[in-house]
Amino acid sequence: GNSGPGHFTIESPGSAARALTAGASTVPHFVGAPVTVGGNTYGAAAGDFETVSADLTSPLGVVTGSTNGLDTACSALSVDLTGEIALISRGACTFSAKIRNAQDSGAVAVLVANNVAGDPVAMAQDGTPNQPTVPAYMVALDTGQALLGSDGLSTTIGAALQYFLTTNVDIMAGFSSQGPTDVDFRVKPDVVAPGVNVLSSIPLSFCESGATTCWAFFQGTSMATPHLAGSAAVVRQQHPDWSAAEIRSAIVNTADQGVLKDFSEGTTPVTDVN
């Protein structure tokens with residue numbers, strides 16, 4: 001389930017004692033727009049909001065606040081961002097609301113710093129009327145921290161997307177549900193698999209006209225679960241006489257141990273799941 005973070009958030013049927021339950025973790029890559037500030041280039045993930053059609057260069061407007069040093073922009077901003085690329089934080093309200101507030105303060109584009117460890121992810125609109133029209137991207141938590149002292153520096157958002165290979169691997173996703181459960185207080189999930197920025201093919205009807213292949217990045221335990229179900233299918237094929245309990249045991253007990261890290265800062269080991 002996607003009801004994390006925190007314990008007692010495992011949903012049905014994953015909460016069942018005999019279930020082989022999946023959690024979601026990060027993979028260390030994404031395709032995004034290059035953002036260059038002070039000679040350093042960072043990756044920014046696009047989503048449902050507008051993107052730049054040509055390189056955009058403007059001063060960076062760091063909107064300070066109490067969330068990792070940044071404002072969440074969930075209410076009208078008191079700062080003048082006219083002609084600037086706003087840097088705000090994820091959290092507390094929808095992406096549409098915070099980007100709209102930054103736009104209303106004059107921002108020509110918006111960078112939303114993630115509030116959990118790992119790479120940036122695609123931001124979704126909330127479906128309300130009058131969606132913001134300025135380009136908007138997400139940057140990683142560590143990128144937001146690196147840019148806190150860059151207010152006023154010339155910043156360029158590149159139009160040509162790039163492939164970014166990072167070190168943000170095996171971090172448990174903040175949205176990923178965790179046990180224990182109310183069924184014998186079992187530790188859950190049983191195994192964690194890639195569920196953030198998972199590259200997948202999508203129907204051509206969702207692509208630009210004339211495209212012959214189409215791909216997108218997705219996140220959620222819905223992305224992690226097929227990895228685990230596929231593993232079970234392979235084990236079942238190799239050992240058709242094994243019981244469900246034996247298949248579950250084989251998968252859980254051969255998973256990598258000690259590699260999973262906490263979502264909040266991406267370094268503390270998570271010791272109660274694989």
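**Exercise 1. Are Lys188 and Asp190 buried or exposed?** Place Asp190 in the chain and describe its salt bridges.

*Solution.* The model is predicted, and the values below are computed from it.

Step 1. Locate the residue. Asp190 sits in the loop between E10 and E11.

Step 2. Assign its burial. The relative accessibility of Asp190 is 7%, so Asp190 counts as buried, the cut-off being under 20%. Lys188 and Asp190 are both buried.

Step 3. Find the partners. Lys188 forms a salt bridge with Asp190, with 3.0 Å between the closest N and O atoms. Arg248 also forms a salt bridge with Asp190, and here the closest N and O atoms are 2.6 Å apart. This second pair links distant parts of the chain: Arg248 belongs to helix H4 (residues 244-254), Asp190 to the loop between E10 and E11, and 58 residues separate them. Arg248 and Asp190 are both buried.

Step 4. Combine. The structure holds two salt bridges, and a network of salt bridges links Lys188, Asp190 and Arg248.

Step 5. Add a distance. His7 is 183 residues from Asp190 along the chain, and their C-alpha atoms are separated by 14 Å.

**Exercise 2. Characterise the disulfide formed by Cys74 and Cys93.**

*Solution.*

Step 1. Apply the distance rule. The sulfur atoms of Cys74 and Cys93 are 2.1 Å apart, and the cut-off is 2.5 Å. The count comes to one disulfide by this rule.

Step 2. Place the two ends. Cys74 is in the loop between strand E5 (64-67) and E6, whereas Cys93 is in the loop between E6 and H1; the pair, 19 residues apart, links distant parts of the chain.

Step 3. Read the handedness. The torsion about the S-S bond of Cys74 and Cys93 is about -90 degrees, which means that the disulfide is left-handed.

Step 4. Check accessibility. Cys74 has 30% relative accessibility and therefore counts as partly exposed. Cys93, with a relative accessible area of 25%, is partly exposed.

**Exercise 3. Which elements give two or more residues to the largest nonpolar core?** Describe this core and the surroundings of Val110.

*Solution.*

Step 1. Give the core's extent. The largest nonpolar core has 23 residues, and those with the most contacts inside it are Leu81, Phe95, Ile99, Ala102, Val110, Val112 and Met123.

Step 2. List the elements. Two or more residues of this core come from each of strand E6 (85-89), helix H1 (95-104), strand E7 (109-113), strand E8 (136-139) and strand E11 (191-196). H1 gives the most to this core, namely three residues.

Step 3. Take Val110. Leaving aside residues up to four places away in sequence, Val110 touches Ala86, Ile88, Ile99, Ala102, Val134, Pro135, Ala136 and Tyr137.

Step 4. Separate the other core. Another core of 18 residues lies apart from the largest one; Val35, Ala44, Tyr137 and Val139 are among its members.

**Exercise 4. Which residues make the nonpolar surface patch of about 430 Å²?** Then consider Leu161 in detail.

*Solution.*

Step 1. Name the members. The patch is made by Val31, Leu161, Tyr163 and Leu165.

Step 2. Place Leu161. Leu161 is found in the loop between strand E9 (154-157) and strand E10 (162-165).

Step 3. Classify Leu161. Its relative accessibility is 55%, so Leu161 counts as exposed, the cut-off for exposed being over 50%.

Technical notes
Residues numbered from 1 in each chain as written. Predicted model: local features only at pLDDT ≥ 70, side-chain atom pairs only at ≥ 80, totals over all residues. Heavy atoms only, no water. Patch = residues over 30% accessible without salt bridge, like charges linked within 9 Å, V, L, I, M, F, W, Y side chains within 5 Å. Areas by Shrake-Rupley, 256 points an atom, 1.4 Å probe, with all protein chains shown as cover. Salt bridge = Lys/Arg side-chain N within 4 Å of Asp/Glu carboxyl O. Helix = DSSP H or I, 4+ residues; strand = E, 2+ residues; numbered from the N terminus. Buried < 20%, exposed > 50% of the residue type's maximum accessible area, 1.4 Å probe, protein only. Core = buried A, V, L, I, M, F, W, Y, C linked by side-chain atoms within 4.5 Å. Contact = heavy atoms within 4.5 Å.
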